[in-house]
There are 4 protein chains.
Amino acid sequence: MDVLKLGLIGAGRIGKVHAQSVAYHVPRARITRIADIAPEPARVWAAELGIRSVTADAREILDDPEIGAVVICSSTDTHADLIMAAAAKGKHVFCEKPVDLTLAKVKAAVDAVERAKVKLQVGFNRRFDHNFKRIRDLVREGVIGTPHVVRITSRDPAPPPLAYVKVSGGIFLDMTIHDFDLARYLSGSEVVEVYAKGAVLVDPAIGAEGDVDTAIVTLEFQNGCLGVIDNSRKAVYGYDQRVEVFGAAGSLACENDTPTSVVHSGANGVTGDKPLYFFLERYQKAYIDEMNAFVEAVLDGTPTPVGCEDAIQSLVIGLAARKSLAEKRPVRTAEISGAETARNRARGSR
Amino acid sequence: MDVLKLGLIGAGRIGKVHAQSVAYHVPRARITRIADIAPEPARVWAAELGIRSVTADAREILDDPEIGAVVICSSTDTHADLIMAAAAKGKHVFCEKPVDLTLAKVKAAVDAVERAKVKLQVGFNRRFDHNFKRIRDLVREGVIGTPHVVRITSRDPAPPPLAYVKVSGGIFLDMTIHDFDLARYLSGSEVVEVYAKGAVLVDPAIGAEGDVDTAIVTLEFQNGCLGVIDNSRKAVYGYDQRVEVFGAAGSLACENDTPTSVVHSGANGVTGDKPLYFFLERYQKAYIDEMNAFVEAVLDGTPTPVGCEDAIQSLVIGLAARKSLAEKRPVRTAEISGAETARNRARGSR
Amino acid sequence: MDVLKLGLIGAGRIGKVHAQSVAYHVPRARITRIADIAPEPARVWAAELGIRSVTADAREILDDPEIGAVVICSSTDTHADLIMAAAAKGKHVFCEKPVDLTLAKVKAAVDAVERAKVKLQVGFNRRFDHNFKRIRDLVREGVIGTPHVVRITSRDPAPPPLAYVKVSGGIFLDMTIHDFDLARYLSGSEVVEVYAKGAVLVDPAIGAEGDVDTAIVTLEFQNGCLGVIDNSRKAVYGYDQRVEVFGAAGSLACENDTPTSVVHSGANGVTGDKPLYFFLERYQKAYIDEMNAFVEAVLDGTPTPVGCEDAIQSLVIGLAARKSLAEKRPVRTAEISGAETARNRARGSR
Amino acid sequence: MDVLKLGLIGAGRIGKVHAQSVAYHVPRARITRIADIAPEPARVWAAELGIRSVTADAREILDDPEIGAVVICSSTDTHADLIMAAAAKGKHVFCEKPVDLTLAKVKAAVDAVERAKVKLQVGFNRRFDHNFKRIRDLVREGVIGTPHVVRITSRDPAPPPLAYVKVSGGIFLDMTIHDFDLARYLSGSEVVEVYAKGAVLVDPAIGAEGDVDTAIVTLEFQNGCLGVIDNSRKAVYGYDQRVEVFGAAGSLACENDTPTSVVHSGANGVTGDKPLYFFLERYQKAYIDEMNAFVEAVLDGTPTPVGCEDAIQSLVIGLAARKSLAEKRPVRTAEISGAETARNRARGSR
């Protein structure tokens, strides 16, 4: 059996998640090196996972001829440069979302990947969620006929630290970008128009940073379908991630996952579990599945399931949402992507 | 349109329920007279329902030639005599359950009814519950193939007053008798063997009366199907009335009805309504439907949906359960009903 | 007991619903006269309900000094004139929604009602739905803290006839107007901005009439809360009417009502009932409750629960939605209602 | 970190499950040797898991001084002898259920374990199911007060091969024995009386072997609680494993796990997933957790969570059920276990 050797760049929370996935659940790959600007904290858990090489210098990974692909989990501002550097070395790339906060850099990274003929997979993990994937599959099978409305509810249990909010690019590029990708995935169509409405209801400090914490985003898709996303940075009952696709022949909907199905019927009501707390709990299996999918694409020479076009389109929608909020009007995605979109769309993902 | 004039005997809680049902929801009938040994309290609500005649003497009802049928809601010990008296006057009879606590009196009442060629309907209201009726209908349609197991959970929100427990004939003749009838209804077959296990877990005072407040009853039906009923006199979350019929091609099950479907997701869990509090709330519509069914049977000359055989069989099973509990062994219903059962069964309900 | 005598104007489908409600479930009122431009079909069912007077001329009702209030169920274009005529005769008014398709006529009707010091109740029946009412009550009690997002899904099982679509004023004044009122009811706040996105996905003939059959409407409320409504004219699984109010301390949501809770577990999946088919089934009890509420307000001299301001505001939002769709931009309700809104708001409902 | 070296005896379906659990999910243990009477088929998957030694002779495992514990997954008739042999070599033992079909051999094995002061854990995996464990924990915390009724539904998707039925000891020792252990676990009390009712409804060939395929078993616990188990060898909708514990202060119940929560609302109803197909799917995580618990008990010197007394009691209840079915009467467990039970009970598990 071929085993793909991976280098992990960025050993924070999500980096560790991927390292654990690979160690225990991705039989065809092995992480051999880890790079992080502050390598010390990672050494302990890396050792437990059997990974000996932990360095501060990502170039050690890029220069290692045995490493076939990199997993980029560093801060967003480093993504595009790392992708280009990795592509230049002929290494395949798995990169956390978003690839960058500017369209120019995303396109530059995508161009580098395409020129180098390496694979790129973007970390839109929700496509691998068992519920969402099932809905997508059933939509494709035609179970509900033509889709008319995609509805996504996406609420975090608690807002991120303010320091993070400052550099995140705003709720639409940080949080809703997942929902934008999911909407494209579920509808099977590209977004042509976005209208975003936002409010600061959770924490005025978020508003002071020029961001919103509550939002309703309306989407129009190329195939005529409409979409609506409602976001909140704080649901006291936990991570709320539900979707519905409604179409000519019915609807497909899913509920949140819970730790157990246990229900207590007592004098004060009938009470069940809250949803799983946050993304690490809810998408644990999805993280494993996306990494296996990436490794398979690399080893088997097939397209990655979330590729270049997905990196571009999700950002375009996010930028359109940001513009819509600022200008209080619906924004066509073509305003953001310009003439290049058509070319990109024809190109498809690799 | 023919309107059937009814006399109501016994104006307690359930008598008032039937009076209201008839007044508002049974267009083909009208209650013209009410009799109760303590008539005063009933006069107020009777007047509001447009019923002028409220008397202490049930004979006024039996002697009224305009009255075509009586609705017997007095105490259990008076049922059989009233049925026989009504039958002698040619009046059709709706009688609350149980008809009597002794098989001899039930049979005497049934004989009187059959001789007089009047109708008898017994107040097994649960047969008219929307959920149970749907399950029965789907079982009959063959949706689950041959039934293998009938499972009934039946729990009251609170035990009755001790004074009532003393004269009730025990849990099996008072409470479980509904479940026995429901088991026959759902399985479409007669019970041939009963094993009852009981315990006093809710209130020792119930035990002091020689009764149990918690019970598991296992049934064997003539068609080979098994049944199991679990009872409690006290569910703090309200009236718990659920059934499942499991068969060769699947299962049919229902949940409790609730006041609303509203669910609160909060920091302490996800909480919905408790079941409807007790039988008056849960079976409100079933009480209306059973009364309409009785009136239709009388006016249209069709069999009542719960007739003589049902009165006998439910008591036979109840007596078998009582004997099983006392003798700590399974009891064949034939031990209780003797040779007469076969005759009864052949006769069918009218 | 006082009994309020009612005259029913308009004996179509919804008129018959109200007549039945009053006959069987509104003890403090009685319909004594019915007027319909085509009176013949109504005579049969009116007689069954004990109503003898059925006429083609609504003036007979308005001139009857014994009649204290009218129930207006005629076509929308007649509502405002009938309200004014009834008010002039000192009669209280229950009027089906919408009061009119133009703001000027609604205001004229409201002015007439206010000058005559009679009551007006508008037929926003959903406020009386058990689930929605419970959510509203719990929101008011503060169970979820400050409301952040009101989410309404409202889908019909089938579009109305095209002839009706032509005169309906479009989806926002015909169908969504219920949701606009519900959104105000649930949020406890007035709508200040509307953005409507629509599509023709169900039937091109609806588009040919200049209407849409699928819509997403985003609302902003005065209290900062956001709202979103998704509509479809055709859900093949039946009437889909769900709401969620999400707030600082959790969410409150309800599901559709179903005929039964029976679930079949079979070889092909686990299947339960579809929602109740349409508004007559789903809101049967709500129709009764709204009529009792109107009768109580009249007899007890209390404000009606859905009054003048509700008639105006729902139309203002509907007109704003229509303008938003046409002009592809968010529309402030103040653009529609102008300076009068502030005055109206101060006035409150009577 | 200490790593416990394990030898696996019996490399059939469940043996492979444990091998995979240990390889991927039990960080503190490693399987170094496998023995199976037909070793060839296991060599391939063993190699993939990094296990090099696969032999036909279990003595190689027992004689290996590096191996600290054995995992016995061979056929039931070999369990007791292997336990005794392992104990004689000072090795701790994890053994699949049942330990043996005769009480004498189970006791002999238990005695050997106790004399050798090694650990024994029996493979009652359901105790580690997330739902059942939560219910047990909440019962212990007193959430429902005193337990009154334990209700277990346990149905397989399909009966085992007839060849297996012949040697299985019958439904109560093969299938229901899991439920007996679960009933003890959930109630926190020992079973004192058993009444079993059975029927042959799934397959007459099972009846021809003297077994039943459908059963209702009533239990009485020492603490007064009652229990009821309903079993079927064939549920066409998949593995049905639900429990409810009802008590003085409410009830705790769980539903089956499903692959997804996706629901399709269509013209024919509202349909969701069937339960996970069978034990390998439903209890995947429970198998991992039980193995981790065993390894922790061995390495940390703590009692195993399912020990000697559990091996004995589950068999005693199973034998009592078998006797009850044969003799058509309730059977006290003391009839089966005799005077030794008291001694055993005092001893507790180690």
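Two strands are said to pair if DSSP finds at least two bridges between them, and this criterion underlies the account of the sheets given below. The model described here is a predicted one.

In chain D, strand β1, which covers residues 4-9, and strand β4, which covers residues 69-72, pair in the parallel sense over four bridges. Within this pairing, Leu6(D) stands opposite Ala69(D), a residue of β4(D). The two strands belong to an open sheet of six strands in chain D, in which the order is β3-β2-β1-β4-β5-β6 and the pairing is parallel. The edges of this sheet are taken by β3 (53-55) and β6 (120-122) of chain D, and because each of them has a single partner strand, one side of each is left without a neighbour in the sheet. From one strand to the next, the twist of the sheet in chain D averages 25°.

Chain B likewise holds an open sheet of six strands, with parallel pairing and the order β3-β2-β1-β4-β5-β6. Here β3 (53-55) and β6 (120-122) of chain B stand at the edges, and each has a single partner strand, so that one side of each lacks a neighbour in the sheet. When direction is ignored, neighbouring strands of the sheet in chain B are turned against each other by 25° on average. Strand β4 (residues 69-72) of chain B runs parallel to strand β5 (residues 92-95) of chain B, and four bridges join them; in this pair, Ala69(B) stands opposite His92(B) of β5(B). Helix α1 of chain B, made up of residues 13-25, packs on this sheet and touches β1 (4-9), β2 (29-35), β4 and β5 of chain B, while its direction makes about 150° with that of β2(B).

Two packed helices are described by the angle between their axes and the distance between the axes. In chain B, the axes of helix α4 (residues 76-88) and helix α5 (residues 103-116) come within 9 Å and cross at roughly 10°. Because angles under 35 degrees count as roughly parallel, α4(B) is described as roughly parallel to α5(B). The crossing in which α4(B) passes α5(B) is left-handed. On the side of α4(B), the contact is made by Ala80(B), Asp81(B), Ile83(B), Met84(B) and Ala87(B), and on the side of α5(B) by Lys105(B), Ala108(B), Ala109(B), Ala112(B), Val113(B) and Ala116(B). The residues of this contact between α4(B) and α5(B) divide into nine nonpolar and two charged, with no polar residue.

Attention now turns to the relations between chains. Two copies of a chain are related by a rotation about an axis and a shift along it. Chain B is superposed on chain D, with an RMSD of 0.1 Å, by a rotation of 180° with 0.0 Å of shift along its axis, and the two copies are thus related as by a two-fold rotation axis. Of the residues of chain B, Arg329(B) comes closest to this rotation axis, with its C-alpha at 2.8 Å. The same surface serves both copies, since 100% of the contact residues of chain B recur in chain D.

Chain A, in turn, can be laid on chain C with an RMSD of 0.0 Å by a turn of 180° and a shift of 0.0 Å along the axis. Arg329(A) is the residue of chain A that comes closest to the rotation axis, at 2.8 Å for the C-alpha, and 100% of the contact residues of chain A recur in chain C, the same surface serving both copies.

How values were computed
Residues numbered from 1 in each chain as written. Chains lettered and ligands numbered in written order. Predicted model: local features only at pLDDT ≥ 70, side-chain atom pairs only at ≥ 80, totals over all residues. Heavy atoms only, no water. Least-squares fit on C-alpha atoms with pLDDT ≥ 70 in both. Contact = heavy atoms within 4.5 Å. Axes fitted to C-alpha atoms, helices over the stretch in contact; angles between N-to-C directions. Parallel < 35°, antiparallel > 145°, perpendicular 65-115°, else oblique. Left-handed = near helix turned anticlockwise from the far one by under 90°. Nonpolar A, V, L, I, M, F, W, Y, C, P; charged D, E, K, R; others polar.
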